[in-house]
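User: Please take a close look at the aromatic rings of this protein and at how they are placed, and set them in the context of the fold as a whole. I would like a connected account rather than a list.

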Amino acid sequence: MSLALDLARQGLYSTHPNPRVGALVVQGENIVGRGAHLFAGEAHAEVIALAEAGAAARGATVYVTLEPCSHRGRTGPCADALMAAGVGRVVVAMQDPNPLVAGQGIARLRAAGIPVDLGCGEAESRALNPGYLQRMEKGRPWVRLKQAISLDGAVALANGQSQWLTGTLARSDVQKERARVSAIMVGVGTVLADNPRLAPRLETPLRRYPVKVILDTHLQTPTDAALFSSPGAVWIGHGPEVSTAKRSQLQKAGAELLAVPLDGTRLDILELLRLLAGKQINEVLVEAGPTLASALFAAKWVDEWLVYMAPLLLGQGAQAAVQAGPFARLAEAPRWQSRSFELLDNDLKWTLRPQEN
């Protein structure tokens with residue numbers, strides 16, 4: 001199963017909106033087939049592994065990181081392919097929460113007399129597909145907040161200067177984080193201040209680029225913003241009262257406009273996330289300034305906090321990464337679990353998740 005999970009990781013940047021899945025066909029002591037699902041609409045991992053195994057698949061054990069599908073989408077049911085190949089046993093890391101599958105693939109295999117073992121490598125499989133699983137289980141995408149901060153917890157000097165807090169290696173790592181997600185989200189304030197491209201910059205061009213989502217209540221995004229000329233679709237979430245002329249201008253520039261209800265004076269973040277889930281967005285990388293970050297933390301919609309910490313002090317008046325509280329007691333302050341640390345030259349990449357009570 002560990003090898004099957006390694007195969008699944010090959011689709012880290014490309015399988016959207018499908019999950020990352022790997023499969024291995026084992027005959028006795030020998031691996032006779034390997035497969036990884038790489039692109040939506042193309043062959044699933046089990047089908048690729050069975051094709052490589054050929055006749056050797058008969059009676060073999062198949063290890064797969066997610067329940068074989070039982071329905072016909074853009075490709076045929078993998079459960080049927082396994083039965084047709086005459087495999088002897090299937091080991092599945094976890095059940096697929098997709099209502100179109102949800103145990104039906106396993107049930108079909110067992111009904112055909114094929115033993116199925118479930119649960120080997122489940123934690124690792126879940127870690128590979130947090131967005132897909134959350135979209136299926138909770139109806140919203142996985143939100144990964146990315147911030148570059150100083151040792152004193154700031155994202156910019158008092159005058160707003162923030163480029164660049166971190167070094168070249170850390171900024172290069174951000175491009176990989178951008179490439180793996182379904183969408184990159186920023187507030188319109190970031191667009192106006194920094195004019196970012198938002199598309200990942202990698203040595204090898206991507207076959208799939210993440211959608212660029214702008215939170216822009218009043219449609220202030222300039223039609224000549226750099227994000228319109230970089231790869232990837234542009235979606236703009238806006239409030240109910242916007243200029244018809246500005247709507248038309250942004251649509252002509254290439255934007256898809258998403259009407260989002262307000263929560264007070266700001267866009268309702270939960271409704272936007274649900275809207276994105278309905279458009280098959282699995283993982284969202286939020287590149288937030290203090291205002292958007294604070295709103296996300298207050299609503300408890302941050303599933304993972306990706307901190308690039310630079311070893312410098314920004315001093316008095318610097319812009320804090322997030323505004324929270326005030327808290328009367330230390331016990332009220334939200335705590336986070338450290339999931340990983342990585343040293344990138346002189347900067348620290350720190351991955352955290354909310355601490356479960």
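Analyst: The model is a predicted one, and its overall dimensions are a useful starting point. For 357 residues a compact globule would be expected to have a radius of gyration near 21 Å, and the 23 Å found for the protein agrees with that. Along the principal axes, the C-alpha atoms fill a box of roughly 70 × 45 × 40 Å. Within it, the chain forms 11 helices and 18 strands, and buried residues make up 50% of the 357 residues. Of the contacts with a separation of 6 or more, 69% are between residues 24 or more positions apart.

Turning to the rings themselves, a pair of aromatic rings is described by the distance of the centres and the angle of the planes. The structure holds four aromatic pairs. One of them joins Phe297 and Trp305, whose ring centres are 4.8 Å apart and whose planes meet at 70 degrees; because an angle over 60 degrees counts as edge-to-face, the pair is assigned to that class. Phe297 and Trp305 are both buried, and together with Trp336 they form one aromatic cluster.

A second pair, that of Phe341 and Trp350, is stacked, with 5.6 Å from centre to centre and 20 degrees between the planes. As for the surroundings of these two rings, Phe341 is exposed at a relative accessible area of 52%, while Trp350 is partly exposed at 24%.

Two further aromatic residues have a charged side chain over the ring. Arg207 lies over the face of Phe39, at 3.8 Å from the ring centre, and the charged end of Lys279 sits over the ring of Trp235, 4.6 Å from its centre.

Lys279 follows directly on helix H10, which spans residues 269-278, and that helix deserves a description of its own. Its buried residues are Ile269, Leu270, Leu272, Leu273, Leu276 and Ala277. They cover an arc of only 160 degrees around the axis, and therefore lie on the same side of H10. At the N-terminal end, Asp268 caps the helix, with a side-chain oxygen 3.1 Å from the backbone nitrogen of Leu270. Just after H10, Gln280 takes a positive phi of about 65 degrees.

Strand S10, residues 234-238, includes His238. This histidine is buried, with a relative accessible area of 2%, and, leaving aside residues up to four places away in sequence, His238 touches Asp216, Thr217, Leu219, Arg247, Leu257, Leu258, Ala259, Val260 and Leu267.

Helix H2, residues 45-53, can be described in similar terms, with Ala45, Glu46, Ala49, Leu50 and Ala53 as its buried residues. Because the arc that they cover around the axis is only 125 degrees, they fall on the same side of H2. What covers the buried residues of H2 includes strands S1, S2 (30-36) and S3 (61-64) as well as helix H3 (78-85). Just after H2, Gly54 has a positive phi of about 60 degrees.

The backbone brings one more aromatic residue into view. Most residues other than glycine have a negative phi, and most peptide bonds are trans. Against that background, the bond between Gln163 and Trp164 is cis, with omega about 0 degrees, and Trp164 is found in the loop between strand S7 (154-156) and helix H7 (168-180). A cis peptide bond also joins His16 and Pro17, again with omega about 0 degrees; Pro17 has its place in the loop between helix H1 (2-8) and strand S1 (22-27).

Positive phi values occur in loops as well. Ala102, with a phi near 40 degrees, belongs to the loop between strand S4 (89-92) and helix H4 (104-111), where its relative accessibility of 36% makes it partly exposed. Leu198, which is not a glycine either, has a positive phi of about 75 degrees and is placed in the loop between helix H8 (188-194) and strand S9 (211-215). Leu198 is buried, at a relative accessible area of 1%.

Definitions and conventions
Residues numbered from 1 in each chain as written. Predicted model: local features only at pLDDT ≥ 70, side-chain atom pairs only at ≥ 80, totals over all residues. Heavy atoms only, no water. Phe/Tyr/Trp six-rings, centres within 6.5 Å; stacked < 30°, edge-to-face > 60°. Buried < 20%, exposed > 50% of the residue type's maximum accessible area, 1.4 Å probe, protein only. Lys NZ or Arg CZ within 6 Å of the ring centre and 35° of its normal. Helix = DSSP H or I, 4+ residues; strand = E, 2+ residues; numbered from the N terminus. Arc of directions from axis to C-beta. Polar contact = N/O pair within 3.5 Å; in protein donor to acceptor, adjacent residues only side chain to side chain. Rg over C-alpha atoms; globule rule 2.2 N^0.38 Å. Contact = heavy atoms within 4.5 Å.
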